[in-house]
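Work through these exercises with the structure open beside you. Try each task before you read its solution.

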Amino acid sequence: MQQIPHYINGTRVSDAERFGPVFNPATGEQEKEVVLASPSRVDEAVAAAEAALPGWRSASLAKRAAVFYKVRQLLTERKSELAAILTSEHGKVLSDAEGEISRGLENIEFATGLGHMLKGERSEQVSTGVDVHSIRQPVGVVACITPFNFPAMVPLWMIGSAIACGNTVLLKPSEKDPSSSVFIAELFSEAGLPDGVLNVVHGDREAVETILDHPGVKAVSFVGSTPIAKTIYSRAAANGKRVQALGGAKNHMVVLPDADLDMAADAAISAAYGSAGERCMAISVIVAVGEIADDLVEAVRSRMTGLTIGPGTDPSSEMGPLITAEHRDRVASYVTNAPAEGATVVVDGTQQQFDSNGFFLGVSLVDHVKPGMKVYDDEIFGPVLSVVRVGSYVDAVRLVNENQYGNGVAIFTRDGGAARQFEVEAEAGMVGVNVPIPVPVGTYSFGGWKDSLFGDTHMYGPDSIRFYTRGKVVTTRWPDPSTSKIDLGFPQVD
Ligand code: NAD
């Protein structure tokens with residue numbers, strides 16, 4: 001069986017006491033096993049990152065940028081190879097895997113501009129003969145802990161800016177689909193990144209807790225589910241680290257009565273069932289405002305029958321399997337239990353049969369959903385789309401804002417004034433106007449509100465520069481020594 005190694009100090013490390021299974025979700029077979037780090041293996045990786053830090057933080061910005069230009073070239077050339085790895089371990093269809101890599105490449109492109117991002121400010125003559133300037137310096141060893149659903153893009157969200165800012169990194173990817181992180185780390189090495197700057201350590205809770213308690217780790221970037229994000233945030237912060245911990249989501253798509261229903265239905269289908277609904281920005285709730293609800297539900301339902309579900313390697317597949325059998329069964333249970341909660345199952349994907357042992361599940365549509373039902377309250381993270389019917393725009397905004405999550409939200413309308421009002425009023429970190437999945441481009445930052453993010457800074461883009469650096473302000477004067485005198489008063493500007 002193929003083993004997936006750690007990558008520490010530029011070397012593959014395969015010996016371990018514990019291993020985790022890695023499945024091909026399209027066949028249901030365990031094809032690989034991943035080494036799981038013990039605390040001493042984590043210590044070894046942190047030590048490698050600490051040893052590499054002085055050299056990397058003093059590398060010129062030009063040398064750092066050159067690495068990112070080369071990584072961009074290598075990732076572009078080898079995109080289909082990486083996409084095949086993603087599909088074999090995650091299950092998403094190849095075109096979607098390539099899309100994920102393209103979005104991750106935006107963060108590498110952003111990192112090539114590190115010379116602009118790391119500029120400080122300077123003020124001449126803030127007081128007589130006194131100048132001030134600011135600089136930003138790396139925080140040190142940064143830990144990046146990532147989820148299963150974007151095994152290439154989310155690591156790239158983090159490591160591009162972290163490394164560009166002069167930090168060294170310990171990346172702990174999801175143990176469910178860990179190969180792409182090793183692939184990416186080896187590309188960085190090929191691009192000229194010195195050994196020890198980017199280390200990959202696989203593991204589960206034991207490895208993560210060692211990272212959170214390790215005095216050598218100065219900052220933690222996390223993306224995953226809300227309960228784990230909360231724990232990561234409090235434990236790492238209690239240990240004096242800076243933390244950004246992005247959590248789960250329940251993303252609403254508000255459809256106003258004036259919206260183009262066909263366009264809204266196309267968008268809902270794409271955003272709900274793409275990547276089998278295993279996207280933190282997937283639309284999981286349609287909020288149908290007013291009398292359009294019946295027509296909208298019918299427009300969505302009629303489009304669902306045409307979706308092709310199959311292995312991600314088959315070019316005709318539009319949706320692949322879910323990540324594990326347990327997750328598939330959990331997702332299905334929300335549909336099965338929905339009628340008892342008072343909802344109406346319009347399309348029951350749990351009844352679809354597949355000629356395969358893969359973790360496939362059909363797409364479901366559940367109408368007349370309300371807060372208080374589990375199908376509404378929980379993040380399902382699968383191909384289940386709910387419809388909540390409300391009477392007015394005001395009711396729609398109240399529903400969105402009362403939800404515990406605040407990652408993304410979208411409004412579909414032809415009324416610019418209503419869209420603008422929604423943009424102001426919606427309590428979420430990312431808003432789409434006629435855009436169902438408003439993931440910001442790499443020059444902006446990504447992050448939610450409420451239980452979708454614990455911490456202050458969002459991920460990638462300008463916020464990442466603030467997160468991965470410490471600010472320093474330098475005050476300078478060059479007085480004539482003959483004017484020097486003792487003055488015990490607090491220095492005042494004059
Ligand atoms: P997860 O929380 O189970 O795992 C995320 C990471 O935490 C993994 O590396 C895992 O090994 C580690 N982990 C798991 N259990 C742990 C524990 N008890 N203690 C310490 N570490 C632990 O998440 P997942 O299932 O891999 O990913 C799906 C979740 O991620 C969804 O909730 C989704 O919404 C969320 N997500 C959020 C965003 C965002 O930007 N907000 C993006 C992608 C995914």
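**Exercise 1. Place Asn-434 and describe its backbone.**

Asn-434 sits in the loop that joins strand S20 (430–433) to strand S21 (449–450). Strands here are DSSP runs (E, at least two residues) and helices are DSSP runs (H or I, at least four), numbered from the N terminus. Residues are numbered from 1 along each chain as its sequence is written. The model is predicted: local features need pLDDT of at least 70, side-chain atom pairs count only at pLDDT 80 or more, and totals for chains, interfaces and linings use all residues.

Next, the backbone angle. Asn-434 is not a glycine, yet its phi is positive, about 60°. Most residues other than glycine have a negative phi.

Last, exposure. Asn-434 counts as partly exposed because it has 16 C-beta neighbours inside 10 Å. The cut-offs are these: buried means 20 or more other C-beta atoms within 10 Å of the residue's own, exposed means 12 or fewer, and partly exposed is in between, with C-beta atoms placed from the backbone.

**Exercise 2. Is Ser-275 buried or partly exposed?**

Start with its place. Ser-275 belongs to the loop between helix H10 (261–273) and strand S14 (283–289). Then count neighbours. There are 24 C-beta neighbours inside 10 Å, so Ser-275 counts as buried. Finally, check phi. The value for Ser-275 is near 55°, positive in a residue other than glycine.

**Exercise 3. Divide the chain into domains and describe their contact.**

Step one is the division. Domain 1 is 2–247 + 452–474, and domain 2 is 251–433. These bounds come from an automatic or database domain assignment.

Step two is the spacing. Taken over C-alpha atoms, the domain centres are 31 Å apart.

Step three is the contact. Domain 1 puts in 18 residues and domain 2 puts in 24 residues. Two residues are in contact if their C-beta atoms, placed from the backbone, lie within 7 Å.

Step four looks at the domain 1 side. Helix H3 (79–90) and helix H4 (94–112) each supply at least two residues there. By class, this side has 7 nonpolar, 8 polar and 3 charged residues. Nonpolar means Ala, Val, Leu, Ile, Met, Phe, Trp, Tyr, Cys and Pro; charged means Asp, Glu, Lys and Arg; polar means the others, Gly among them.

**Exercise 4. Where does the ligand lie relative to the two domains?**

First, find the shell. It holds 27 residues, and the closest are Pro-147, Gly-224, Ser-225, Gly-248 and Cys-280. A residue is near the ligand if its C-beta atom, placed from the backbone, lies within 6 Å of it. Then sort the shell by class: 12 residues are nonpolar, 10 polar and 5 charged. Now the position. Both domain 1 and domain 2 give residues to the shell, so the ligand lies between them.

**Exercise 5. Compare two residues of helix H4.**

Take Leu-94, which lies in helix H4. With 19 C-beta neighbours inside 10 Å, Leu-94 counts as partly exposed. Outside its sequence neighbourhood of up to four places, Leu-94 touches Ala-83, Thr-87, Gly-312 and Thr-313.

Now take Ile-108, also in helix H4. Ile-108 counts as buried because 28 C-beta neighbours lie inside 10 Å. Leaving out residues up to four places away in sequence, its contacts are Phe-68, Val-71, Arg-72, Leu-75, Leu-156 and Gly-160.

**Exercise 6. Describe the nonpolar cores.**

Begin with the largest. It has 86 residues, and Val-169, Leu-170, Val-220 and Ile-232 have the most contacts inside it. A nonpolar core is a set of buried Ala, Val, Leu, Ile, Met, Phe, Trp, Tyr and Cys residues joined through C-beta atoms within 7 Å. Helix H6 (residues 153–164) contributes the most to this core, with 9 residues. A separate second core has 71 residues, including Ala-338, Ile-380, Phe-422 and Met-430.

Zoom in on Ile-232. Beyond four places in sequence, Ile-232 touches Ile-145, Leu-212, Val-220, Phe-222, Val-243 and Ala-245.

**Exercise 7. Which residues does Ser-134 touch?**

Locate Ser-134 first: it is in strand S7 (residues 130–138). Its contacts, not counting residues up to four places away in sequence, are Gly-120, Glu-121, Gly-471, Lys-472 and Val-473. Check Val-473. It is 339 residues from Ser-134 in sequence, but the two C-alpha atoms are 4.3 Å apart. Ser-134 counts as partly exposed, since it has 13 C-beta neighbours inside 10 Å.
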